[in-house]
Amino acid sequence: MLPTHHRRVTAACAAVAAAGALVLAGLPGSASAQADPAASASPSLSPAESAAVAATSPDVLRAMRRDLGLTTAQAEARLVNEAEAGAVAGSLRSALGRDFAGAWVRGATSATLTVATTDAADVPAIEARGARAAVVDHSADQLDAAKARLDRAARKAKTRDAPVWYVDVRTNAVVVRAVHASAAASLVSAAGVDTSLVRVVRTTERPRPLYDLVGGDAYYMGGRCSIGFPITKGGQQGFATAGHCGRAGTATSGYNQVAQGTFQASIFPGRDMAWVATNSQWTATPYVKGQGGQRVGVEGSTQSPVGASICRSGSTTGWHCGTISQHNTSVTYPEGTISGVTRTTVCAEPGDSGGSFISGSQAQGVTSGGSGNCSSGGTTFHQPINPLLQQYGLTLKTTGGGDPGPGDPEPGGTWAAGKVYAPGDTVTYGGSTYRCLQGHQAQPGWEPPSTPALWEAV
């Protein structure tokens, strides 16, 4: 046991910069304002408009469709309109000077740009650029100055009950979101800000920092261990680790000593496996911390053969590599014997326990124990990951696997993504039978017909 107690930005910016000299697309008063949003994909696009779409990853477009409820044509139109609107708003900000009071877009495709001013005489100039004009009381400079005063006051004042404030150009105010109105009033008073500039919004939200779960990072539970592999179980996020690091109910804090989660289940001795469910501040990622802190992607959990190369990540000694000596090993620790572990030539030291063992991009297991050290060399055992995932019904967080797409038909059969398969297991898929060649957890894109390294037809 080893615990211790101690859219490509450049192209997009180019599109925005070039857009100011071009005819507006999709904005009120422009030639294309009445056109169908799908026109954004037409051959008549200007160079800047084309760049706004072409420089966007298909993954971004898919996410926009999913999260904003858009069609592909609407998503592309929105990107074009936003690129054009940014350039127009920037140009008008310079032209209006101290009168400028902010700008914003609205509509499913961001087809409407509004520019605010404190001087009604600016309206014709705004409308001439294809935007709508709003005449308001406070300039952007006034609102920004008020916000800056709140920032300075917050360095000394307690703001836990008034946790968020910002300039809201659409309502022409500095908004303070507060759990208790009195907390907002105290902050505004301490800042010496004119209350006519402020709008208080009641909220129950208490924002908190968000942190990544990465294999090899430290976590604490009285002593220190290392994250094995981030996982999910339904909607719950967490990580797999060694059983000797904690018992069910043991609370953990992260590498930064922030409250993290709780052990949900643990086995040791006999085996050396456990998993921790984390709170909403922590997000499971498909990565292990590699050499120099560089992240290594985890694509799956195909078990490597004896003699294969294998590397380990831990919070004490970092990244070290060796080879697999034997699978299905039994080893006796002072607390008892554990079986089914893998013996390796990789070194480890106290605090590395629970950390990641990975071959290439394939998760292998979590660090259990060993002998020696990383100065003179040593032997280390790891609890294989696939039995751990199977034991607790966990899904490994991976970068691998494909998206079969909503239009693909269900082929039918017993094969299922998320299930752990051992060599010799048989499944049916699309009317055929397949035998598993290498132990792994199945995932979309790894269907038997497309992964001959994992499955053979029988």
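Gln441 and strand E17

Modeller: Gln441 is found in strand E27, residues 440-441, where a strand is a DSSP run (E, at least two residues) numbered from the N terminus. This is a predicted model, in which local features need pLDDT of at least 70 and side-chain atom pairs count only at pLDDT 80 or more, while totals for chains, interfaces and linings use all residues. Residues are numbered from 1 along each chain as its sequence is written, and side-chain values use heavy atoms, with hydrogens and water left out.

Biologist: Why is Gln441 called buried?

Modeller: Its relative accessibility is 4%, and buried means under 20% relative accessible area (1.4 Å probe, protein chains only), so Gln441 counts as buried.

Biologist: What makes the approach of the Gln441 side chain to the backbone oxygen of Leu394 a polar contact?

Modeller: The distance is 2.7 Å, and a polar contact is a pair of N or O atoms within 3.5 Å, of which, within protein, one must be able to donate a hydrogen and the other to accept it, residues adjacent in sequence counting only if both atoms are side-chain atoms. The Gln441 side chain also reaches the backbone nitrogen of Leu396, at 2.9 Å.

Biologist: How do you know that E17 pairs with strand E18?

Modeller: Two strands pair if DSSP finds at least two bridges between them, and six bridges join E17 to E18 (residues 318-333), the two running antiparallel. A hairpin of three residues links E17 to E18, and Gly314 stands opposite Gly318 in E18.

Biologist: What makes E17 mostly covered?

Modeller: Five of the six residues in E17 (residues 309-314) are buried.

How values were computed
Helices (H or I, at least four residues) and strands (E, at least two) are DSSP runs, numbered from the N terminus. Buried means under 20% relative accessible area, exposed over 50%, partly exposed in between (1.4 Å probe, protein chains only).
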